[in-house]
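Q: Please pick one part of this structure and take me through it closely. I would like to see how it fits in with whatever surrounds it.

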Amino acid sequence: DGFLIDIGGGSTEVIFFRNRKAEKSVSFPFGALNLLKRYGKDGNMDETGSKQIVELITRAVKSEPWIAEHPGLPLIGLGGTVRTLCKMDQRARNYSLKRTHGYQFKKQDLENWIKRIKNTPLEKRKRIEGLSKDRANMIVPGLIILDELFKLARSSHFVVSGTGLRDGLFFEMLRPEMP
């Protein structure tokens, strides 16, 4: 049981699953890139832009009350924001494995990263180990999305999934009899 969260560039999908079967889902029309373009300035996010993103996400989640009805369940995170956060955390901790799949975060871990990079200028952010230069501009809005969904779903922790849509399509084509 849990929530699957996929933060993309232009949308964010949230799926509630029970016994490995999807029960409810929503696709929100905001992602890391379009929020950066709307609320960021030169690849940076100021406090006003951050607050506006939080308000947008809060309104969106309130329109889907089922998200808050299952406290204590984990989030399973997909997509570039989540994998990038994982890589940054692994490098900062000198984690010995390069594997992202199954890596876990607690609420405090996520909040520590947001505090660390939220006000870091883009040029300095590009030098953070594990953060690719291509993602340095959109990591902050992506982490704000993740943090707000984490809080609003009242999740216990989140787990990084190293697999995604391509993997699912591959296995669906390879073994259609095994959903």
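A: Happy to! A definition comes in handy at the start: two strands count as paired if DSSP finds at least two bridges between them. Please keep in mind that this is a predicted model. Let us take strand β1 as our part and work outwards.

Strand β1 covers residues 2–7, and with strand β2 (residues 12–18) it forms an antiparallel pair held over six bridges. The link from β1 to β2 is a hairpin of four residues. To place yourself in this pair, find I5, whose bridge partner in β2 is V14.

β1 also pairs with strand β4 (residues 75–78), this time in the parallel sense and over four bridges. You can follow this pairing at F3, which has L75 as its bridge partner in β4, and again at D6, whose partner in β4 is L78. As general background, strands of a sheet pair through backbone hydrogen bonds, either parallel or antiparallel.

Now step back to the whole sheet. It is open, has six strands in the order β3-β2-β1-β4-β6-β5, and its pairing is mixed. The edges are taken by β3 (21–28) and β5 (104–105); each has a single partner strand, so one side of each lacks a neighbour in the sheet.

Next, the helices that meet β1. Helix α6 lies across β1, β2, β4 and β6, and runs at about 165° to β1. Helix α3 (residues 80–92) lies across β1 as well, together with β4, β5 and β6 (158–160), and its angle to β6 is about 90°.

Residues of β1 and α6 also meet at the level of single side chains. Leaving out residues up to four places away in sequence, L146 touches I7, L75, V82, L85, L110 and F158. L146 is also one of the four residues, with V14, L85 and F158, that touch the most other members of the largest nonpolar core, a set of 48 residues. Helix α6 (residues 139–152) gives this core its largest share, eight residues. V14 in that list is the residue we met as the bridge partner of I5. In soluble globular proteins, nonpolar side chains tend to be buried together.

From F3 you can also reach a loop. H70 sits between α2 (47–62) and β4, and apart from its neighbours within four places in sequence it is in contact with F3, F16, R18 and A153. Its relative accessibility is 17%, so H70 counts as buried, since the cut-off is under 20%.

Finally, look past α6 to helix α2. The axes of these two helices come within 10 Å and cross at roughly 40°. They are therefore oblique to each other, and α2 passes α6 in a right-handed crossing. On the α2 side the contact is made by S50, I53, V54, I57, T58 and V61, and on the α6 side by P141, I144, I145, E148, L149 and L152.

V54 makes a good stopping point on α2. Not counting residues up to four places away in sequence, V54 touches I144 and E148. V54 has a relative accessibility of 27%, so it counts as partly exposed. For a sense of distance back to the sheet, the C-alpha atoms of V54 and T12 are separated by 14 Å, with their positions 42 residues apart along the chain.

Terms used: Residues numbered from 1 in each chain as written. Predicted model: local features only at pLDDT ≥ 70, side-chain atom pairs only at ≥ 80, totals over all residues. Heavy atoms only, no water. Buried < 20%, exposed > 50% of the residue type's maximum accessible area, 1.4 Å probe, protein only. Contact = heavy atoms within 4.5 Å. Core = buried A, V, L, I, M, F, W, Y, C linked by side-chain atoms within 4.5 Å. Axes fitted to C-alpha atoms, helices over the stretch in contact; angles between N-to-C directions. Parallel < 35°, antiparallel > 145°, perpendicular 65-115°, else oblique. Left-handed = near helix turned anticlockwise from the far one by under 90°.
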